[in-house]
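Q: Please give me a close look at the strand pairing in this model. I would like to go from strand to strand, with the partner residues and the burial along the way.

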Amino acid sequence: MLRRLVLIVLPALLLGCGLGRDEGPGDPLGRKRVSHATFADVSGQARTLAEFGGKVVLIDVWATWCPPCRKSLPEVASLQKRGGEDFVVLAVSVDKGGWGDVTPFLQANSSLGLEAHVPGPGEGLKPFGSITAIPTTLVVDRQGRLRERWSGYAPGRAEQALAAALKEP
């Protein structure tokens with residue numbers, strides 16, 4: 001009796017728990033579509049993640065005043081420079097002063113060679129859900145779906161997550 005119950009209930013539970021469905025940032029498969037997230041480059045040009053369709057996108061959400069963020073930026077900049085046909089790295093600053101805070105920081109740290117962005121108009125970073133800690137790293141797959149998300153800086157984790165995402169079709 002118990003075995004039959006398990007055989008009936010377990011599949012129903014798995015199907016009912018959202019596995020494989022677009023449930024949002026809490027989805028255990030990380031398959032929420034986020035390609036409508038927007039950001040702006042230094043020229044003020046509004047862009048969306050949809051522009052990078054077919055590429056893996058690693059987004060580093062940071063701020064100039066955040067010590068762990070500053071510690072992670074050399075790794076982010078290095079990955080950004082290696083990007084190309086398969087992946088892109090976006091460093092999105094959430095400084096309240098926007099470019100007024102970011103531009104002097106980038107000038108003072110020009111050796112990083114970091115290309116920064118700020119959240120864009122409209123959706124901005126909302127498709128990723130609430131970002132309550134920084135740095136927060138987001139990995140978006142080739143289909144524009146959130147694959148992975150974490151907060152805090154762990155050396156090498158971004159590169160490992162990017163490598164894993166690049167292995168997927």
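A: Let's start with the ground rule for pairing: two strands pair if DSSP finds at least two bridges between them. Strands (E, at least two residues) and helices (H or I, at least four residues) are themselves DSSP runs, numbered from the N terminus. Please keep in mind that this is a predicted model, in which local features need pLDDT of at least 70, side-chain atom pairs count only at pLDDT 80 or more, and totals for chains, interfaces and linings use all residues. Residues are numbered from 1 along each chain as its sequence is written, and side-chain values use heavy atoms, with hydrogens and water left out.

First, the wider frame. The chain contains seven strands and four helices, and their order along the sequence is α-β-β-β-α-β-α-β-β-β-α. Of its 169 residues, 41% count as buried, where buried means under 20% relative accessible area, exposed over 50%, and partly exposed in between, with a 1.4 Å probe and protein chains only.

A good place to begin the close look is strand S4, residues 87-93. Seven of the seven residues of S4 are buried, so this strand is largely enclosed by the rest of the structure. In a regular strand the side chains alternate between the two faces of the sheet. In S4, Phe87, Val89, Ala91 and Ser93 point one way, while Val88, Leu90 and Val92 point the other way, and all are buried.

One partner of S4 is S3: the two strands run parallel and are joined by seven bridges. Among the residue pairs here, Trp62 has Ser93 of S4 as its bridge partner. To get from S3 to S4, the chain passes through helix H2, and this β-α-β crossover is right-handed; that is, with the strands pointing away from the viewer, the path from the first strand over the helix to the second runs clockwise.

S4 also has a parallel partner in S5, with two bridges between them. Here Val92 finds its bridge partner in His117 of S5. The connection uses helix H3 (residues 99-108), and together S4, H3 and S5 make a right-handed β-α-β unit.

Moving on from S5 (residues 116-119), the next neighbour is S1 (residues 38-40), and this pair is antiparallel, with two bridges. Phe39 is bridged to Pro119 in S5. S5 thus takes part in an antiparallel pairing with S1 and a parallel one with S4.

Now go back to S3 and look at another of its partners. S3 pairs with S6 in the antiparallel sense, over five bridges, and Val61 stands opposite Thr136 of S6. So S3 takes part in a parallel pairing with S4 and an antiparallel one with S6.

Strand S6 covers residues 136-140 and is mostly covered itself, with five of its five residues buried. Thr136, Leu138 and Val140 point one way from S6, Thr137 and Val139 point the other way, and every one of these residues is buried.

From S6 the path leads to strand S7 (residues 146-151), an antiparallel partner of S6 over five bridges. Leu138 stands opposite Arg149 of S7 in this pair. The two strands form a hairpin with five residues between them, and in that hairpin Gly144 takes a positive phi near 80 degrees.

One further detail is worth a stop before you leave the model: the cysteines. The chain has one disulfide, a term used for a pair of cysteine sulfur atoms within 2.5 Å. The bond joins Cys66 and Cys69, whose sulfur atoms lie 2.5 Å apart. The torsion about this S-S bond is about 75 degrees, so the disulfide is right-handed. Both cysteines, Cys66 and Cys69, are buried.

To trace the pairing again on your screen, begin with S1 beside S5, go on to S4 beside S5, then to S3 beside S4. After that come S6 beside S3 and finally S7 beside S6.
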